[in-house]
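Trainee: I would like to take a close look at a single part of this model, namely the open sheet and what surrounds it. Please go through it slowly, in one connected answer.

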Amino acid sequence: MQIGSMDGESAGDFPQPSPKRISLVSELTTSIGADMGIVLDNDCDRVVFIDHEGNIIREQTVLGIFAKYALQDNPGGNIVSSIVASQSLEEIVTDAGGQLIKTSVNNVLNEIESNNAVFGGDEPGMYVFPEFQTCFDAIYAVVKMLEILAKEDTTLSKLAGNVKEYNRTGFTIECEHEKKDEVIETFMDKFESGDNINTIDGIRVDLEESFILIRPSRFEPLVRVYIESKSASKLQELTENVKKIIENV
């Protein structure tokens with residue numbers, strides 16, 4: 001296993017895994033024939049997993065792997081993630097008889113504790129195992145991944161291959177603070193249909209085989225947009241439409 005954490009910065013800076021650092025560990029993983037590579041941030045609450053072929057495993061895919069195995073040991077348990085959660089994660093949890101609780105990005109830890117969740121996590125690469133402690137713990141996530149790999153006698157790439165990955169994009173659009181409420185109201189009016197709208201953190205609209213999430217930044221003059229679809233063409237269509245709606249507000 002190849003591990004990368006620091007690249008010369010002071011540990012007090014808590015740098016996030018940069019593309020440069022991730023690329024370096026990916027190259028080292030393949031060059032030395034390691035089974036897995038991992039990249040940690042310096043305060044060890046975030047981890048990036050890399051398979052033996054140097055492929056970065058999607059964070060939503062890792063969430064799906066951990067959720068699946070948490071529910072094997074705790075049938076019917078609660079899983080907590082943020083409103084950013086993939087449709088794939090929801091399918092995994094539902095198929096295993098559990099419940100996925102989607103909360104605001106800043107409230108994942110509180111919801112894990114208040115709902116006695118058996119697992120929780122969120123982007124970017126932050127995972128919580130309440131059996132050990134209720135905080136984001138990259139070291140424990142690595143240990144848990146090694147445990148799963150050993151029990152299943154498999155590779156990380158095969159584990160990841162068992163989790164569906166849908167077409168997904170995320171981007172930001174400039175938006176003045178005074179227009180952010182109007183953006184949310186515009187999407188509320190456009191997709192007014194009850195259960196498919198979640199406003200716990202911005203607005204998430206769940207469509208047939210797709211979702212749109214608009215999250216206004218609290219501090220910057222912009223909105224963050226996440227779109228996922230089981231169809232690549234639908235993803236492109238939704239992306240273009242969402243950009244036009246926001247830019248025309």
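In which sense do strand β4 and strand β6 pair, and over how many bridges?

Mentor: This is a predicted model, and within it strand β4 (residues 78-82) and strand β6 (residues 119-122) pair in the parallel sense, over 2 bridges. One residue pair to look for is valine 80, whose bridge partner in β6 is glycine 120. On the β5 side, 5 bridges join β4 to β5, and these two strands also run parallel; here asparagine 78 of β4 stands opposite glutamine 99 in β5.

With these pairings in hand, the sheet can be placed as a whole: it is an open sheet of 4 strands in the order β5-β4-β6-β7, and its pairing is mixed. Because β5 (99-103) and β7 (126-128) each have a single partner strand, they stand at the edges, and one side of each is left without a neighbour in the sheet. Neighbouring strands of this sheet are turned against each other by 15° on average, with direction ignored. Helix α3 (residues 87-95) packs on the sheet, where it touches β4 and β5, and its direction makes about 145° with that of β5.

β4 itself deserves a careful look, since 5 of its 5 residues are buried. In a regular strand the side chains alternate between the two faces of the sheet. In β4, Asn78, Val80 and Ser82 point one way, while Ile79 and Ser81 point the other way, and all of them are buried. Valine 80, the residue that is bridged to glycine 120, therefore belongs to the group that points the way of Asn78 and Ser82.

Helix α3, by contrast, also holds a residue that is open to the surroundings: aspartate 95 is placed in this helix, and at 69% relative accessibility it counts as exposed, because the cut-off for that class is over 50%. The C-alpha atom of aspartate 95 is separated by 23 Å from that of serine 114, which is 19 residues away along the chain.

The loops that lead into and out of β6 each contain a backbone feature worth inspecting. Most residues other than glycine have a negative phi, and most peptide bonds are trans. Asparagine 116, in the loop between α4 (108-114) and β6, has a positive phi of about 50° although it is not a glycine, and with a relative accessible area of 65% it is exposed. In the loop between β6 and β7, where proline 124 is found, the peptide bond from glutamate 123 to proline 124 is cis, with omega near 0°. A further positive phi, near 50°, occurs at aspartate 153, again a residue other than glycine; aspartate 153 lies in the loop between α5 and α6 (156-161), and its relative accessible area of 71% makes it exposed.

For a comparison with β4, consider strand β3 (residues 47-51), in which 5 of 5 residues are likewise buried: Val47, Phe49 and Asp51 point one way, Val48 and Ile50 point the other way, and all are buried. The pairing of β3 with strand β2 (residues 36-40) is antiparallel, over 5 bridges, and glycine 37 has isoleucine 50 of β3 as its bridge partner. β2 and β3 form a hairpin with 6 residues between them, and cysteine 44, in the turn, has a positive phi of about 60°.

Finally, the empty space can be considered. The structure holds 1 cavity of 30 Å³ or more, and the largest cavity has a volume of about 50 Å³. Ser88 is one of the residues that line it, and the lining also includes Ser86, Arg58, Tyr166 and Glu228; by class, the lining divides into 2 nonpolar, 4 polar and 5 charged residues. The second largest pocket, of about 200 Å³, is lined by 14 residues, of which Tyr69, Ala70, Asp73, Lys144 and Ile148 lie nearest its centre, and the elements that give two or more residues to this lining are α2 (59-73) and α5 (138-152).

How values were computed:
Residues numbered from 1 in each chain as written. Predicted model: local features only at pLDDT ≥ 70, side-chain atom pairs only at ≥ 80, totals over all residues. Heavy atoms only, no water. 1 Å grid on protein atoms, 1.4 Å probe; cavity = no way out; pocket = protein on both sides within 12 Å on 5 of 7 lines; lining within 4 Å. Points joined across faces, edges and corners; volume = space filled by probe spheres on them. Pairing = 2+ DSSP bridges. Axes fitted to C-alpha atoms, helices over the stretch in contact; angles between N-to-C directions. Contact = heavy atoms within 4.5 Å. Buried < 20%, exposed > 50% of the residue type's maximum accessible area, 1.4 Å probe, protein only. Nonpolar A, V, L, I, M, F, W, Y, C, P; charged D, E, K, R; others polar.
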